[in-house]
Every structure is written in structure tokens, then in C-alpha cells.
Amino acid sequence: MSTALPVGVPTQLFVDGAWTDAAGSKTFPVFDPATGDVLAEIADGGPADAVRALDAAVAAQESWAATAPRARGEILRRAFDLLQERAEEFALLMTLEMGKPLAEARGEVVYGGEFLRWFSEEAVRISGRYGLNPEGTGRMIVSQHPVGPCFFITPWNFPLAMATRKIAPALAAGCTVVVKPAELTPLTTLLFARLLEDAGLPPGVVNVVTTTRSAEVSAPVIADPRLRKLSFTGSTPVGKKLIAQAAEGVLRVSMELGGNAPFVVFDDADLDKAVDGAIAAKFRNIGQACTAANRFLVHESVAAEFARRVTERVAAMRVGAGTEEGVQIGPLIDAKAVEKTGELVQDAVGRGAQVLTGGASVERAGTFFAPTVLADVAAGSALLREEIFGPVLAIATFRDEDEAVRLANDTEYGLVSYVYTRDLARGHRMIDRLETGMMGLNAGVVSNAAAPFGGVKQSGVGREGGLEGIQEYLSTKYTLIPAD
Ligand code: NAD
């Protein structure tokens with residue numbers, strides 16, 4: 001099946017409110033991973049384009065910061081309303097360029113949109129403090145101010161939500177931005193920039209530079225002394241490099257990095273709920289989520305039954321293009337992802353894991369991997385250490401609570417953990433003992449615009465969403481006024 005790009009999707013850079021070609025009119029193709037077809041040829045920005053975008057963000061910063069919070073909030077609210085009207089257009093575009101099933105793409109429009117609504121409401125709640133100092137000799141004012149021009153680098157797996165989760169709080173706080181979306185899924189960000197333009201956002205407040213040369217294009221922006229903040233969502237190795245670059249200018253950084261989520265099922269768990277949660281936590285986005293459950297740690301007394309029930313569900317999953325009705329498993333993002341998933345499965349099998357269903361790529365056009373369940377995954381298997389980022393549910397067992405905690409925490413990551421138990425006291429102990437930024441206690445999906453999303457350890461620094469999200473874009477100023 002060949003796919004056509006919906007009409008009206010921009011293909012140029014968005015700089016200072018204008019749609020422009022890249023320097024030298026360079027372009028690159030964007031592919032549909034379900035078919036391998038080219039969806040569009042779009043502008044391939046270079047370093048000079050990125051600096052031009054930063055120029056625009058810097059020029060717009062003062063007036064955007066001086067724009068009334070209510071006015072900033074209302075633009076975000078209009079953007080939210082427009083997104084509801086254009087929901088199908090965005091959902092279809094994400095399915096085409098990223099591969100996720102249409103039903104999930106619609107879910108991402110809802111999730112991504114909520115950041116616009118949430119931060120439209122937060123824009124008017126930026127507050128400070130006023131008080132007498134302890135000595136009684138002075139008045140102290142603590143005020144909050146926009147950080148200044150920001151640079152955002154986003155990944156391909158949630159093309160809309162990873163952009164709105166950064167752009168909405170930045171705009172609410174009064175910051176201007178340059179966004180560099182992933183080269184595999186740049187179209188959604190371009191379509192979103194068009195939406196912001198239609199919502200009445202002034203020129204230069206949001207600029208988008210698409211490129212195939214991420215490192216080369218990002219470096220001069222990060223090194224520019226006019227930049228104040230870098231926010232990145234992506235893999236931990238790239239995040240580390242960017243933190244090092246940001247150190248040079250002592251930039252504020254937010255890093256939403258990789259995960260290796262444990263999904264712990266105790267012997268007292270409601271197994272029906274645990275199986276539902278497991279399917280959601282593993283197979284959403286074809287397993288390509290930072291929050292994807294990566295290691296299923298199941299008490300040895302219920303492991304066989306848990307494996308039987310998940311296998312029944314996984315074996316019945318429909319694989320196909322995300323645009324096809326009833327498909328649950330779309331393509332992986334590219335051929336490299338299929339190869340890596342296959343290698344991780346082979347490594348686990350080589351160490352004694354049993355393949356209960358799936359286990360290999362699917363013979364058809366596009367980049368598909370069969371939804372897979374592995375049981376008896378041995379300690380030392382690569383997929384217990386690395387993010388799988390594919391539709392592979394890997395089960396290992398534990399004997400008691402201490403061992404479950406030790407295994408769950410045995411990773412340099414700490415983004416999210418899932419725990420299934422009916423014992424409330426045990427649930428509370430797990431909240432205390434697991435090294436994690438987020439936790440689903442009898443829940444397989446935790447993301448919500450009203451919640452602080454983020455990790456500990458090498459899963460990152462900073463939080464997106466919730467009351468915390470806007471703080472990432474505000475700096476605190478203290479002023480003393482003598483009392484006499
Ligand atoms: P990636 O790190 O390869 O790329 C992310 C972005 O960084 C892309 O825009 C890419 O073009 C850019 N990039 C790559 N190298 C760069 C460099 N040297 N300089 C500047 N930019 C560079 O990650 P990915 O494959 O796009 O995304 C998957 C990863 O993202 C996974 O590890 C996943 O866990 C993580 N992720 C984390 C969160 C979170 O909130 N914690 C959310 C989604 C994805």
C-alpha cells in the first residue's frame with residue numbers, strides 16, 4: 001500500500017514566523033516505516049539556519065516575556081482548541097511518519113494536547129514571595145522570571161507529545177524556543193508550528209529547524225552565549241554528550257533520557273490486572289517508549305501462569321501498518337531497530353530463554369518485528385541491561401521482596417517502575433525502596449500532563465508536566481529593599 005502525505009503539511013524550516021528553505025536549498029526524505037515509501041522531501045537545515053533560528057528567538061525574547069501571562073495562556077489555549085479540531089490530521093501524520101497504530105496516534109494527540117491546556121492554565125500562576133527578613137531590617141522579594149531563549153532536541157517516538165511537553169511550559173513561562181525534531185519524524189513538529197502560527201503566536205517565539213546533521217547543527221546553538229537553556233529528550237549516551245556541551249556555557253539543562261523499567265508482579269497481585277497492565281506497559285508504541293516495561297520480574301510461584309496469560313494475548317495481536325483497522329503492532333522505526341531487537345532476543349535465547357511466541361522479524365515490506373514473549377530470561381542477558389525498544393516481553397523470576405527490590409534497582413536507569421501487589425503496606429515499601437522517578441502501583445501507564453514526568457540516575461534531570469514543569473523555564477531572583 002502506498003501512502004500519501006496529507007495536504008498542507010509544511011516541508012520548510014520555520015524561522016521568525018516565515019517558512020523558508022534551508023541554506024543551499026538542501027532537502028532530505030522522510031519515510032513511512034510501514035512501507036518504505038518516501039512521504040516527503042523536507043528542508044535539511046545547516047548550522048547557519050540553526051543560528052538564524054536562534055537570532056529570531058533572541059530577538060523575540062524580550063517582548064514575549066513582557067506579554068501578559070493571560071495573553072500567553074490564551075494563545076496556548078487556542079492552540080489546544082485548534083489541535084482538537086485537527087486531531088485526525090495530526091494522528092494520521094504521526095502514524096505515517098512514525099508507524100504507531102492510528103488508535104495510539106489519536107491517544108498521543110490527546111496526551112500531547114493536554115500539555116497545551118495544562119500550561120495555558122499554569123501561565124497565570126507564576127508566583128513569588130514577599131516578606132520581612134529575620135532581622136527586621138529589610139523586605140525580601142523573591143520573583144520568578146523566564147529563563148530566556150531555549151533549545152529543544154526531541155526524539156522520534158512521540159513526535160507530538162515530546163514537542164508540546166517542552167514548548168507549552170516554555171511559552172507559558174515567557175521563553176522563546178528553537179526546536180530541532182528527530183530526522184526520522186520531523187513532519188509532526190512542522191505541522192504543529194503551523195498550528196501555533198494559526199493560534200496567533202508572534203514571529204520568532206517558536207522556530208523549527210529540521211536537519212539530518214543533528215550534532216553539527218546543534219553545536220553552534222548550544223555554544224552560543226545568548227542561549228539560556230537546553231532541553232533534550234532522547235537516549236542517555238546522546239544526553240551525556242549534550243550535558244558536556246552545555247557545561248561550557250553553564251546552561252540550565254533538562255534531560256529526559258532512557259529507561260529500563262522493571263515490572264514487578266508479586267504473588268499476591270491481581271493477575272488479570274497485572275496482565276492488562278503488562279500489555280499496556282510493554283506494547284504501547286510497539287515497545288518504543290522510554291516508559292516501556294523492559295524487565296518483567298515475576299514471583300516464581302505465579303510466573304508460569306503470568307507467562308501463559310500474556311502469551312495468549314500477545315500471540316493474538318494483529319501486526320500491520322498503523323493505518324489498518326484493528327492493528328496493535330505497527331512497524332519498528334527502521335531496519336536498524338529490527339536488527340537490534342533480533343540480536344537482543346538471540347542473546348537471551350543463547351543464555352537459555354524460552355520463546356513462547358514471536359521471536360523474529362516479520363516477512364513483509366516495512367520494518368516489522370513479531371510481538372514476542374520470552375520466559376526464563378537468565379541474569380546477564382543483554383536485554384535486562386539495555387532498553388529493548390521493541391515488542392519483546394522478557395520474564396525473569398524472583399523469590400522474595402528483597403530480591404525483587406535488588407533486581408529492580410540493578411540498573412543505571414531510574415525512569416519508571418511498575419509494581420503489582422494487593423498488599424498496601426508492601427506497595428508503600430516499594431515506593432520508598434525503588435530508585436525511580438515515577439511509579440505505577442497496579443497501573444501500566446502513568447503519563448499525565450498534570451504529573452511531573454522524569455527520571456533519577458542516568459534517566460535524566462528535571463521534570464516535564466505537573467506543577468514542576470514550568471519551573472524548568474523560570475529562574476528565581478531575590479531582591480532586598482531596606483526597611484527604613
Ligand atoms: P537519540 O538520542 O538517538 O535522538 C534524540 C534526538 O537527538 C534526535 O532529535 C536526534 O536527531 C538528536 N541527536 C542525536 N545525536 C545528537 C547529537 N550528537 N547532538 C545533538 N542532537 C543529537 O534518541 P531516539 O532514538 O530519537 O529516541 C529514543 C530514546 O529516547 C530512547 O533512549 C528513549 O528512552 C528516549 N526517550 C526518553 C523519554 C523521556 O521522557 N525520558 C521520552 C521519549 C524517548
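In the predicted model, the ligand occupies the largest pocket. Both domain 1 (13-257 + 459-479) and domain 2 (261-448) contribute residues to the shell around the ligand, which therefore lies between the two domains.

The shell comprises 29 residues, of which T154, E183, S214, S235 and E387 approach the ligand nearest. By residue class, 15 members of the shell are nonpolar, 9 are polar and 5 are charged. Four elements of secondary structure, namely α5 (161-173), α7 (214-223), β10 (229-233) and α8 (236-248), each provide at least two shell residues. The largest share is that of α7, with 3 residues.

Polar contacts to oxygen atoms of the ligand involve backbone as well as side-chain atoms of the protein. At T154, one of the residues that come nearest to the ligand, a polar backbone atom is 2.6 Å from a ligand oxygen. A polar backbone atom of G234 is 3.3 Å from an oxygen atom of the ligand. For K180 the contact is made through the side chain, in which an N or O atom is 3.1 Å from a ligand oxygen. On its own, the ligand has 850 Å² of accessible area, and the protein covers 88% of this area.

Note on methods
Residues numbered from 1 in each chain as written. Predicted model: local features only at pLDDT ≥ 70, side-chain atom pairs only at ≥ 80, totals over all residues. Heavy atoms only, no water. Near = heavy atom within 4 Å. Polar contact = N/O pair within 3.5 Å; in protein donor to acceptor, adjacent residues only side chain to side chain. Areas by Shrake-Rupley, 256 points an atom, 1.4 Å probe, with all protein chains shown as cover. 1 Å grid on protein atoms, 1.4 Å probe; cavity = no way out; pocket = protein on both sides within 12 Å on 5 of 7 lines; lining within 4 Å. Sits in = over half its atoms within 2 Å of the grid points. Nonpolar A, V, L, I, M, F, W, Y, C, P; charged D, E, K, R; others polar. Domains from an automatic or database assignment.
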